[in-house]
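Reader: I'd like a close look at one part of this model, please. Keep it informal, but give me the cut-offs.

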Amino acid sequence: MYHNIRGENTQAEVFLKESLRLHEKYRYDDVAAVYTLYSRVMQNQGRTVEALALADTAVVLAQQYNQPGLLPDAYLQKAFVEHSMGNYRLSKELAAEAFRHAEEGVSRSRRVECLRLMAENCRLLGQTSEALDYLQRANLAMDTLSRINMDRLMHERSIMLEVEKKEQEASVRRQQIADQHKLNIVLVVTTLILLGLLSVIIIDNRRRNRLYKHIVSQNARAVNREKKLREQILQLEEKLAAQPSETPSQTLLQDEKRIQDLYERACQLMENDCLYK
């Protein structure tokens, strides 16, 4: 079809022959379309006899493979070949048959071509009134087709706009989800850091409390020892005061020495009983 549109009939013929060769091997149902296009290529080259035979084959194969959608093109191509050969009456009949099959299907564009070809055949046959009627119907069909195409384009455009809107909304939603995910990660990390700091603070407070309790306990024991030591000294002084006075100086010296020893031992104990021992 591409080469046919560009007028490259020789190249198009090569591809069409290859398509028919493949059909002989694999047997696909829409082969009638290949014969219709092949007939058009032959007609463009002026080989009308071959073009007519190919168009006949296209009609037969479309019926054989039950492809009613291909019949309008096949009949219309045969009508164009007959028209080019000067068989205007037969061309008109074939175009009418193509139009009938196009009305049964959905080939609206083919209806316009059929009506225009029938109008041209009628003009060449001298049927002016009928030619004008076909031409008006062709113009009406063209207007209808244009309106349908416009409605279809507007509908497709509205669908595209709606799809684009949905895609934009989906994109915004995906970005919101991504942002929320990042925020959740930040909150989790922040929470973990705060929990870690709180744990450190709690552990430090417990350590300080234990330290304070230990200091208070040590101070209390030191106060108790000092109190006992003072009581012992007081008792010793009372004992010395109650002793006989025969040897006062010797006894006094001995008692002072004992008191000094007790005091030094008490001080030594207080120094050695440190806070962290």
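At what angle do helix 4 and helix 5 pack, and how far apart are their axes?

Author: Helix 4 and helix 5 pack at an angle of about 160°, and their axes are 9 Å apart. Here the axes are lines fitted to C-alpha atoms, for helices over the stretch in contact, and angles run from 0 to 180 degrees between N-to-C directions. That makes helix 4 roughly antiparallel to helix 5 (angles under 35 degrees count as roughly parallel, over 145 as roughly antiparallel, 65 to 115 as roughly perpendicular and the rest as oblique). Helix 4 passes helix 5 in a left-handed crossing, meaning that the near helix is turned anticlockwise from the far one by less than a right angle; clockwise would be right-handed.

Some ground rules before the residues. This is a predicted model, where local features need pLDDT of at least 70 and side-chain atom pairs count only at pLDDT 80 or more, while totals for chains, interfaces and linings use all residues. Residues are numbered from 1 along each chain as its sequence is written, and side-chain values use heavy atoms, with hydrogens and water left out. Helices are DSSP runs (H or I, at least four residues), as are strands (E, at least two), numbered from the N terminus.

Now the contact itself (heavy atoms within 4.5 Å). On the helix 4 side you'll find T48, A51, L52, A55, D56, A58, V59, A62 and Q63, and they meet L71, A74, Y75, Q77, K78, V81, E82 and S84 of helix 5. By class, the contact of helix 4 with helix 5 divides into 10 nonpolar, 4 polar and 3 charged residues (Ala, Val, Leu, Ile, Met, Phe, Trp, Tyr, Cys and Pro count as nonpolar, Asp, Glu, Lys and Arg as charged, and the others, Gly among them, as polar).

Let's step back along the chain. Helix 3 and helix 4 (residues 48-64) pack at about 165° with axes 8 Å apart, so helix 3 and helix 4 are roughly antiparallel too. Their crossing is left-handed. The helix 3 residues in this contact include Y35, Y38 and M42, and those of helix 4 include L54, A58 and L61. It comes out as 12 nonpolar, 4 polar and 1 charged.

Y38 sits in helix 3 (residues 31-44). With a relative accessible area of 9%, Y38 is buried (buried is under 20%, exposed over 50%, partly exposed in between, with a 1.4 Å probe and protein chains only). Not counting residues up to four places away in sequence, Y38 touches E13, L16, K17, L20 and L54. From Y38 to A58, 20 residues apart in sequence, the C-alpha separation is 9.4 Å.

Going forward instead, the axes of helix 5 (residues 71-84) and helix 6 (residues 88-104) come within 8 Å and cross at roughly 165°, so helix 5 and helix 6 are roughly antiparallel. This crossing is left-handed as well. Among the helix 5 residues here are L71, Y75 and L76, while helix 6 brings L94, A98 and H101, among others. The class split for helix 5 with helix 6 is 11 nonpolar, 3 polar and 3 charged.

Helix 7 (residues 108-124) holds R110, which counts as partly exposed at 22% relative accessibility. Leaving aside neighbours within four places in sequence, R110 contacts D73, L76 and A102. The C-alpha atoms of R110 and D73 are 7.4 Å apart, across 37 residues of chain.

For the wider setting, the protein has 9 helices and 0 strands.
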